[in-house]
Amino acid sequence: MRSPIRARSLAGALVAWLVLGLLAALPAAAAPTRYEAEGATVFQGAVEANHAGFSGTGFVNTDNVAGSYVEFAVDAAGAGSAAIAIRYANGTTVNRPADVAVNGVVVSAGRAFDGTGAWATWATSTLTAPVKAGANTVRITSTTAGGTPNLDFLDVEVTVAGDDYQAENATISQGVVDDKHAGFTGTGFVDYANVTGSYVEFTVNAATAGNYGLAFRFANGSTADRPMDVSVNGVKVSAGLSFPGTGAWTTWVERSVTAGLVAGANKVRATATTAGGGPNLDRLSAAAPADAEPPTAPANLRLVGEVKPTSVDLAWDASTDNVGVSQYKIYNGGNVLMTVGGNVTATTLSGLTPNTRYVLSVLAYDAAGNASQGGDNVDVTTPPSDDTRPPSTPAGLRATGVAAATVTLAWNASADDIGVTGYNVYRDGTKFATVPDLTATADGLAPNTTYAFTVEAFDANGNLSPRSAPLAVKTSGTAGGGDPVYDRDVAKLDLPWGVAFLPDGSALVAERDRFEIVRVTQSGQKTVAGKITEAVTTSGEGGLLGLAISPSFATDHYVYAFHTAASDNRVVRFTYENGRIGAREPLVTGIAKNKFHNGGRIKFGPDGFLYVTTGDAQDGNRAQNLNSLNGKILRVTPTGAGAPGNPFPAAPRVYSLGHRNPQGLAWDSQGRLWESEFGDATLDELNLIQPGKNYGWPNCEGRCGNSAYVDPVQQWDVAAASPSGLEIVNGWIYMAAVRGQRLWVMKITGSTTDTPRAFFNSRWGRLRTVVKTPDGGLWLTSTNNDKNGGTPSVLDNTVVRLKFAAASAVPAG
């Protein structure tokens, strides 16, 4: 078997257009674009030039096996229909059929490629298939042992759907369709009733989120203005927009307004604001944003002057953009701290906490919402302030849960003149937890034993409040079903991110910044199985991330990985045999990357398909854009195609959308998918995922009560959680928290959970991955010092094994 040949990227800008109108204008056809096979992705085949008559520098000769393929990357200026001409040669007398798939969906099964008489005689086979705006894939896969014919090129001609919406096909309230005045387009126009509140509502399908030009074609034969409010998805974007007299009812003109649309369906309503009603309305045209080029990354981020306890002065070099930079966002890790205008390259970042470490970076954004890559990091710690006043004593200390080995505590917030930073919690005078909020769980306790608990508050300067009065709590004799208990240390690693167990009980672990695959046994023995040499860092959250073992590993020996590459994030697979990893085969490519918000978790579901979490790559518009793989949960076959039954035919790999930076994935006993998600600056989420549903980002963070989006089951302040890995064992959810430095535990009750409890608070620092083990426990990993590319030369993180408080209450598995 030949190794896969990595594709060379094809030139062409991605231009976003609207998908369909309710009644389209005449379609626009582009000239054919040629895609040479030697520039495509080849699996089990080679580029050759030993037969005359080919185009370009060669052709592809696939191996004589079923499953060999050539995949072309095809760009479309807009969604529509593509005529695909496949040039091939077949010097045999035997048909060499192949499946032709567009974006993972087979559009021509077993397509015939009959003999052409000689290998130097080339023929063309043409088919038509739907394409989406932007990047598309066309894969030709052999279905027999003869392989495909020799493939020379594709000629692709895309006919783009129009962007006009006729008023007579819209939703009309207090108005009628008429045709008595000449000059209209379509079959008629809408004559508004002469009342306040009459309206026409269009459904506009946007291929990508962004700022669109909305042009209303109208006529007003009166001399009076007929103003209207224009709203998008229930939000008013232009109040009292003027629609003045046009001189006659047969004189038609356009009135335009710019408004932000989300990807997919948008409701655009024009509502009369006076008793005269609206003008006669012919149509709405929606011009998609044409700018798809992001700004350059801001360079040379630097501190200016002295760092103060609550502020720092920053400066950076201006980014460049083909249109213009509209704003800069300053991040601490993946959280936005401040936004400034595009003409600003120096600012004071205020509102910081004294005596606190920040990892700062700046991104540039243009008016179309395109985000640059992250610039340099500045790692800074604010000095202490002159505050010497301690917080007040925490009041209301109480036990909210008691079991044989655990006690869960809660208390009321303390007050402070500057602000409370966190709380230290003590058991019998010994500190066992430091937390940022008002709860902690003591674990590893003896049954039927009384313990005394106290709590104290501290501020950023380390000023300590008096401790609360002791609270005496006696543990019960009954174990708390799913309560985790520390068992033992397993191994020391650098940044253990993805963990996947092999059939022999050992695990493969992904080292994020070393790009290594390490085999770790249950006893902690470590062996480096190989390195993903194609992986790169982002000096943030990118690198080698999720791992998954093939459900058919016993026969195919496949391991799947999510990693950041030079141009994108991607899912690849490779074999693991005789203790070593093989060459990587790209399966899902083109997932945008950035310094933060890369997603990266992959798991096989109970249905045998691979689920993939993708972050928004610091551009929230992508989360609502079905033509982007970012801000989504993807569901794909083991070869990377869209899985059967996925909810969006035009986006065959997408399972759910509206995610900012989805992380953990786990299924409960009913086969339902749960997901944990990083918030922006306010709220983190635990979600119950339903296919085809929208989880709100960037329009919602946490619960927002909008019926268009699914609210989270649980939410946390970002300082208390920043959730990463997720696992479910017998109805109990275990969620690792990075910034919160704890393991959240909760029991599923119907479609929600009981009150989450926080375990192992600050014991191992930033917790990344939790996964159930073949022997009935949990492995939990830490990833400290991971904010700006890590410290890959130091093994300063750990894998620990947890067990359950009562094996009888929570069986292994």
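Colleague: Which residue of strand 22 stands opposite Glu 201?

Modeller: Arg 269 stands opposite Glu 201 there. This is a predicted model, in which local features need pLDDT of at least 70 and side-chain atom pairs count only at pLDDT 80 or more, while totals for chains, interfaces and linings use all residues. Residues are numbered from 1 along each chain as its sequence is written, and side-chain values use heavy atoms, with hydrogens and water left out.

Colleague: What makes strand 17 and strand 22 a pair?

Modeller: Two strands pair if DSSP finds at least two bridges between them. Strand 17 and strand 22 are joined by 8 bridges, so they pair, and they run antiparallel. Strand 22 also pairs with strand 19 in the antiparallel sense, over 5 bridges. In that second pairing, Val 230 stands opposite Ala 270.

Colleague: How many strands are there in the chain?

Modeller: The chain has 63 strands and 1 helix. Both kinds of element are DSSP runs numbered from the N terminus: H or I over at least four residues for a helix, E over at least two for a strand.

Colleague: Why is strand 23 called mostly covered?

Modeller: Of its 8 residues, 7 are buried, that is, under 20% relative accessible area (exposed is over 50%, partly exposed lies in between; 1.4 Å probe, protein chains only). Strand 23 runs antiparallel to strand 13 (residues 164–166), with 3 bridges, and Asp 164 faces Ser 285 across that pairing. Strand 16 is antiparallel to strand 23 as well, through 2 bridges. Because the cut-off is at least two, those 2 bridges are enough to count as a pair. Here Asp 191 stands opposite Asn 280.

Colleague: Which residues have the most contacts inside the largest nonpolar core?

Modeller: They are Phe 202, Leu 214, Phe 216 and Val 268, in a core of 27 residues. Elements giving two or more residues to this core include strand 17 (199–206), strand 18 (210–219), strand 22 (264–272) and strand 23 (280–287). The name nonpolar core is for a set of buried Ala, Val, Leu, Ile, Met, Phe, Trp, Tyr and Cys residues joined through side-chain atoms within 4.5 Å. A second, separate core has 26 residues, among them Tyr 35, Ala 82, Val 131 and Val 158.

Colleague: What does Leu 214 touch, not counting residues up to four places away in sequence?

Modeller: Its contacts (heavy atoms within 4.5 Å) include Val 232, Val 257, Ala 259, Val 268 and Leu 284. Polar residues are touched too, including Arg 255, Ser 256 and Ser 285.

Colleague: How do you know whether Ser 550 is buried or exposed?

Modeller: Its relative accessibility is 7%, under the 20% limit, so Ser 550 counts as buried. Ser 550 lies in the loop between strand 43 (544–549) and helix 1 (553–556). Its side chain makes a polar contact with the side chain of Asp 556 at 2.9 Å and reaches the backbone nitrogen of Ser 552 at 3.0 Å. A polar contact is a pair of N or O atoms within 3.5 Å; within protein, one must be able to donate a hydrogen and the other to accept it, and residues adjacent in sequence count only if both atoms are side-chain atoms. Apart from neighbours within four places in sequence, Ser 550 is in contact with Asp 556, Tyr 558, Tyr 560 and Phe 604.

Colleague: And Thr 116, buried or exposed?

Modeller: At 16% relative accessibility, Thr 116 falls under 20% and therefore counts as buried. Thr 116 is in the loop between strand 9 (105–111) and strand 10 (123–131). Its side chain reaches the backbone oxygen of Ala 118 at 3.0 Å. Beyond four places in sequence, Thr 116 touches residues including Tyr 88, Asn 90 and Ala 123.

Colleague: Why are strand 31 and strand 35 said to stand at the edges?

Modeller: Each has a single partner strand, so one side of each is left without a neighbour in the sheet. The sheet is open, with 3 antiparallel strands in the order 31-32-35. Strand 31 is joined to strand 32 (residues 407–410) by 4 bridges, and Val 402 stands opposite Val 407.

Colleague: How do you know that the chain agrees with a compact globule?

Modeller: For 813 residues the rule (2.2 Å times the number of residues to the power 0.38, over C-alpha atoms) gives a radius of gyration near 28 Å, and the chain has 30 Å, which agrees. Its C-alpha trace spans about 85 × 75 × 55 Å along the principal axes, and 57% of its residues are buried.
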